[in-house]
Amino acid sequence: MMKALEEKILKEGEILPGHVLKVGGFLNQQMDSDFIMEIGEEIARLYKDCGVTKVLTIESSGIALAVAAGIALHVPSVFAKKHKSANMSKDVYTAEVYSYTHKETYEIAVAKEYIRKGEKVLLVDDFLANGNALRGLMKILDKAEATLVGCAVAIEKGFQGAGDELRASGIRVESLALIDSLTDEGIVFRA
Ligand code: G4P
């Protein structure tokens, strides 16, 4: 848990219909540079003894946090592309991701040269909602025969259950803010 993130969410976050939290002012569209770096340092503190060799996320809003974590851990960060680009051709690992929010399936792709066999990978994202983005990245790690060290997300929507499912399956999931309820009445964080 990162108290400063909970406070920032309460102060600057906006609750939108459909249990959506808008954090465009500091985490998504506009990024609070110092704060993003603080998040990166907190992620690095949690995983500093795990031998992480690479940080992996999905474009676009995961990138800033993955870079911040990568800087703090002194390892490269990589992002999965959401659409295969021509120059990525067949030398890519791909996985399908169903977006509950957008009600569509999209493909993610990472060039094989950036995730090597045996690599120890930390997955980072801004939100953990239904967990499909993280599961897609895990499929890519499987294909690459890389090791999943764990996941670090800024904001987990605990009421959607995916974080606890992943934990129950033995995966380390660290959330810096874990929201158990997001309604017009306000936000309740897990103690
Ligand atoms: P999942 O990956 O955990 O299964 O999540 P889901 O399909 O439900 O969410 C899809 C997108 O919506 C993701 O971004 C996710 O980060 C974002 N998201 C989910 N809940 C919230 C929320 O309460 N607030 C905000 N701001 N975003 C939320 P994406 O569509 O992949 O887009 P991008 O922004 O990373 O490019």
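Visitor: Which element gives the most to the shell around the ligand?
Guide: This is a predicted model, where local features need pLDDT of at least 70, side-chain atom pairs count only at pLDDT 80 or more, and totals for chains, interfaces and linings use all residues. Residues are numbered from 1 along each chain as its sequence is written, and side-chain values use heavy atoms, leaving out hydrogens and water. Strands are DSSP runs of E, at least two residues, and helices are runs of H or I, at least four, numbered from the N terminus. Three residues of the shell come from one element, β7.

Visitor: Which elements give two or more residues to the shell around the ligand?
Guide: The ligand takes the space of the largest pocket. The elements are β2 (20-22), β7 (120-128) and α4 (132-144).

Visitor: How far is an oxygen atom of the ligand from an N or O atom in the side chain of Lys 157?
Guide: Lys 157 is among the residues that come nearest to the ligand. A polar contact is a pair of N or O atoms within 3.5 Å. For the side chain of Lys 157, the distance to a ligand oxygen is 2.7 Å.

Visitor: Is Thr 57 buried or exposed?
Guide: Thr 57 lies in strand β3 (residues 54-58). Buried means under 20% relative accessible area, exposed over 50%, partly exposed in between, with a 1.4 Å probe and protein chains only. Thr 57 has 1% relative accessibility, so it counts as buried.

Visitor: Which residue has its backbone oxygen 2.7 Å from a polar atom of the side chain of Thr 57?
Guide: Thr 57 touches several residues, including Gly 62, Phe 79 and Leu 137; contact means heavy atoms within 4.5 Å. The backbone oxygen in question belongs to Val 124.

Terms used:
A polar contact is a pair of N or O atoms within 3.5 Å; within protein, one must be able to donate a hydrogen and the other to accept it, and residues adjacent in sequence count only if both atoms are side-chain atoms. A residue is near a molecule or strand if one of its heavy atoms lies within 4 Å of it. On a 1 Å grid over the protein atoms alone, a cavity is a set of points where a 1.4 Å probe fits but cannot get out, and a pocket is an open set with protein on both sides within 12 Å along at least five of seven lines; lining residues have an atom within 4 Å of a point. A molecule sits in a cavity or pocket if more than half of its atoms lie within 2 Å of its grid points. Lists of a residue's contacts leave out its neighbours within four places in sequence.
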